[in-house]
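Here are some notes to read alongside the model on your screen. Take the points one at a time, and find each residue in the viewer as you go.

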Amino acid sequence: RTIEGKAWTKVNPNCGSTSFVVPDLISGQEYFFRVRAENRFGVGPPAETIQRTTARDPIHPPDPPIKLKIGLVTKNTVSLTWKPPKNDGGAPVTHYNVECLRWDRTGEVKETWKQCNRRDVEETKFTVEDLVEGGEYEFRVKAVNIAGPSRPSGTVGPLVVKDQTCPPSIELKEFMEVEQGTDVNIVAKIKGVPFPTLTWLKASPKKPDDKKPVLYDQHVNKIVGEDTCTLLIQQSRRSDTGLYTITAVNNLGAASKEMRLNVLGRPGPPVGPIKFESILADQMTISWLPPLDDGGSKITNYVIEKKEANRKTWVPVTNEPKECLFTVPKLMEGHEYVFRIMAQNKYGIGEPLDSEPETARNLFTVPGPCDKPTVSSITRDSMTVNWEEPEHDGGSPITGYWLERKETTGKRWTRVNRDPIKPMTLGVSYKVTGLIEGSEYQFRVSAINAAGVGPPSMPSDPAIARDPIAPPGPPIPKVTDWTKSSVDLEWTPPLKDGGSRVTGYIVEYKEEGKEEWERVEIRGTKFVVAGLKEGCFYKFRVRAVNAAGIGEPGEVTDIIEMKDRIVAPDINLDASVRDRIVVHAGGVIRIIAYVSGKPAPTVTWSRDDRALPEEARIEETAISSSLVIKNCKRSHQGIYTLLAKNAGGERKKTIIVDVLDVPGPVGMPFLTENLTNDSCKLTWFTPEDDGGSPITNYIIEKRESDHRAWTPVSCTVTRQNAAVQGLTEGKAYFFRIAAENIIGMGPFTETMKEIVIRDAITVPDRPEDLEVKAVTKNSVTLTWNPPKYNGGSDITMYVLE
């Protein structure tokens, strides 16, 4: 029968020997088998297989590995990678053997093929070491299973062994746009020898220069392949929108690429509070500000609802407004109303913004006149007009302004704006364009509320349309680095260019105590001042230049002493490393730390303030130090400390490493106790080592003393005792127990002695309170109570003596 089925199927009608070939099985299906003996009196009981058997072809050596490739080549090593064979021969490939063949300079074979690996290679990659620099070699690989090695793969080479390096490069698309809730894969193609260290950074769209390392968790993860690095974002959110930067670094240089991700969704609530621009007996004009978050898509309209303050039901008003202003009609005078507004884009309707209650009533007149406006930011075809709100708004909020202009040589005033200009918190300004260069203009403004348009202000002072120009403002310089004879300067352009493009900069410096400044003219925003005197103090400043001339200087606030810079050590863990690392036994412990400082710090590793395990290997680069332990064990867990020291001080970083494994054996003593004629009770202690994970279950197995096969006991046990049912009275049994955690099942602990299953009934205790109640010349009347314990069985009778 199959392991899923319960019905047994007869395989043969007649078999005279003690072996038989079972035909017509399904490849890959698992089966149980049983055999019955038959004589002239009939068929005996069956003998059944204990373990399942999988139908499969006989095992033979695997096919050769495929796609053998050469990776990093140095002056005495070659890194190889390959793919597993397409056919494993019916048994898993246990390891690989790597072979090499050396050629001499004449192109003839100098040696025979020989095995390069001293130990079994379990992964599909290997670095061949101890090669002769300048030698020519060929390589091939064999796969090995329990049936033996395969034929060799195709060869690669011959190649000359020498250092081969390549600086990093990155291929990455520049823009992605997805809908909220979609899984996002940002795939970067990576090149570089040696393979570079990869780091992802993220910046907000509003602050593109504020880049921070990406934090990895169940929502965001980094997956590094042979030549790719993928940033996986599951169930994307609006907060995932941003500028993502990947940086690749090896000892030959660094490269970086940026990609902008836009996650689209419903908009946020409008910005409040909701303002009542005008209030009438039958209508109210309300205004609001657009949402801070438009969901990544243009706001198409706003949905407005209303309700009376003493009611719970909202009534739709409109979904047509595209601007942040609307007049709600058909109100009832004297009734108090509450309004709510929701923004809508093509992805849906956002959260609402509620207003304060307001009563429909008439309480206002037209606003008073504004003060005389002023004119600023004058160019040859535009001017910016500025004004303040009028002192009196007529009892109704100002909803807008009409702005008018006229040339000083004319008499007719012309309206500038088609729609009313919206009021602002601190005054109002409006840029008037389309002016005629050289003409002189005046402006006046009128305020608007719910009652209408107020009187115009006094005209502004005349202003002529023409371009202004002035020298630029000061740049903002800073010192980024220095040595005993040079200083690295960097600056940002001036906030004001004076109305003309900045064409260059002048860097000035002088020794402290001297009057004369040395100057250098450059075009960029960085410069290294060299040839300075060791031990002296210097001042630095930078000026910007445009068509109007040289601007004011921007000075470096500090006076710089010419000496080698000392920077205390700093340690930053790689984004793939946290303060606590959890790995499974047999996995790889890998701690990557980036160490900086001047001079270069010395780095030491320790575990629990003692030496590292023998299996630990330290990998050093110019900017990093990595600790690697392959095939780790429980004994490798602990607190690992990285110490960096230089003349500027020292810095420590600790990482807690937990190694999870299957639990140890359950504790002794292991007690058994008869319960009934078909069951017994087992009691044990928890394992001393739970493998780093709580015990979730105990596995119990039994076997009869005259059998060798163990049979699982069908129960799930989470405590340290269990009653085993379904035993045979009079049979002797052995039991064994193993603990199980999330990693797997630990070793079994077996009972030392067999236990015979029998009924645990004993004789009852003595009866209680025996008394003589009545006595005659030939009889005695006695009474008593039953015993406190009946021995595990009902009292059947009493014996009177």
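1. Begin with Lys 83, which sits in strand S6, a run covering residues 78-83. Keep in mind as you look that this is a predicted model. Lys 83 has a relative accessibility of 40%, so it counts as partly exposed. It belongs to a surface patch of positive charge, together with Lys 67, Lys 69 and Lys 86.

2. Now for a patch of the opposite sign. Asp 371, Glu 388, Glu 389, Glu 391 and Asp 393 come together on the surface as a patch of negative charge. Have a closer look at Asp 393, which you will find in the loop between strand S31 (383-387) and strand S32 (400-407). Its relative accessible area is 33%, which means that Asp 393 is partly exposed.

3. Asp 393 also has a partner worth finding. Which residue has a polar side-chain atom 2.8 Å from the backbone oxygen of Asp 393? The partner is Asn 449, a residue of strand S35 (residues 440-449). Asn 449 counts as buried because its relative accessibility is 5%, and buried here means under 20%.

4. The surface has a nonpolar patch as well. Leu 770, Trp 784, Ile 795, Tyr 798 and Leu 800 make it up, and together they have about 500 Å² of accessible area. Among them, Tyr 798 lies in the segment after strand S64 (780-785). With 37% relative accessibility, Tyr 798 counts as partly exposed.

5. Next, salt bridges. Side chains of opposite charge can pair when their charged atoms come close. How many salt bridges does a search of the whole structure find? The count is 27. One of the pairs to display is Glu 305 with Arg 340, whose side chains meet with an N to O distance of 2.6 Å. Glu 305 belongs to strand S24 (residues 301-308) and Arg 340 to strand S27 (residues 336-345), so this salt bridge ties together parts that are 35 residues apart in sequence. Are these two residues buried or exposed? Both Glu 305 and Arg 340 are buried.

6. A second pair to display is Arg 580 and Asp 658, whose side chains form a salt bridge at 2.7 Å, N to O. Arg 580 is in strand S48 (residues 580-584) and Asp 658 is in strand S54 (residues 649-660), so the pair joins parts that are 78 residues apart in sequence. Arg 580 is partly exposed, at 46% relative accessible area. Asp 658 is partly exposed too, at 22%.

7. A third pair is Arg 736 and Glu 701, joined by a salt bridge in which the closest N and O atoms are 2.7 Å apart. This pair links distant parts of the chain, since Arg 736 is in strand S60 (residues 732-740) and Glu 701 is in strand S57 (residues 697-704), 35 residues apart. Arg 736 and Glu 701 are both buried. For a linked group, select Glu 508, Arg 519, Arg 541 and Arg 543, which are connected in a network of salt bridges.

8. Turn now to Cys 229, in strand S19 (residues 228-233). Its relative accessibility is 0%, so Cys 229 counts as buried. For a sense of scale, try drawing a line from the C-alpha atom of Cys 229 to that of Gly 400: the two are separated by 54 Å, and the residues are 171 apart along the chain.

9. Two peptide bonds deserve a look at the backbone. The bond from Gly 272 to Pro 273 is cis, with omega near 0 degrees, and Pro 273 lies in strand S22 (residues 271-279). Lys 598 and Pro 599 are also joined by a cis peptide bond, with omega about -10 degrees. Pro 599 is in the loop between strand S49 (589-598) and strand S50 (602-607).

10. Finally, check two phi angles. Gln 235 is not a glycine, yet it has a positive phi of about 50 degrees. Gln 235 is in the loop between S19 and strand S20 (242-250), and at 51% relative accessibility it counts as exposed. Asp 769, another residue other than glycine, has a positive phi near 55 degrees. Asp 769 lies in strand S63 (residues 768-775) and is partly exposed, with a relative accessible area of 49%.

Conventions:
Residues are numbered from 1 along each chain as its sequence is written. This is a predicted model: local features need pLDDT of at least 70, side-chain atom pairs count only at pLDDT 80 or more; totals for chains, interfaces and linings use all residues. Side-chain values use heavy atoms; hydrogens and water are left out. Patches are made of residues with over 30% relative accessible area and no salt bridge: like charges are joined within 9 Å, nonpolar side chains (Val, Leu, Ile, Met, Phe, Trp, Tyr) within 5 Å. Accessible areas come from the Shrake-Rupley method with a 1.4 Å probe; for residues, only the protein chains shown count as cover. A salt bridge is a side-chain nitrogen of Lys or Arg within 4 Å of a carboxyl oxygen of Asp or Glu. Lys and Arg count as positive and Asp and Glu as negative; His and the chain ends are not counted. The place of a charge is taken as NZ of Lys, CZ of Arg, CG of Asp or CD of Glu. Helices (H or I, at least four residues) and strands (E, at least two) are DSSP runs, numbered from the N terminus. Buried means under 20% relative accessible area, exposed over 50%, partly exposed in between (1.4 Å probe, protein chains only). A polar contact is a pair of N or O atoms within 3.5 Å; within protein, one must be able to donate a hydrogen and the other to accept it, and residues adjacent in sequence count only if both atoms are side-chain atoms.
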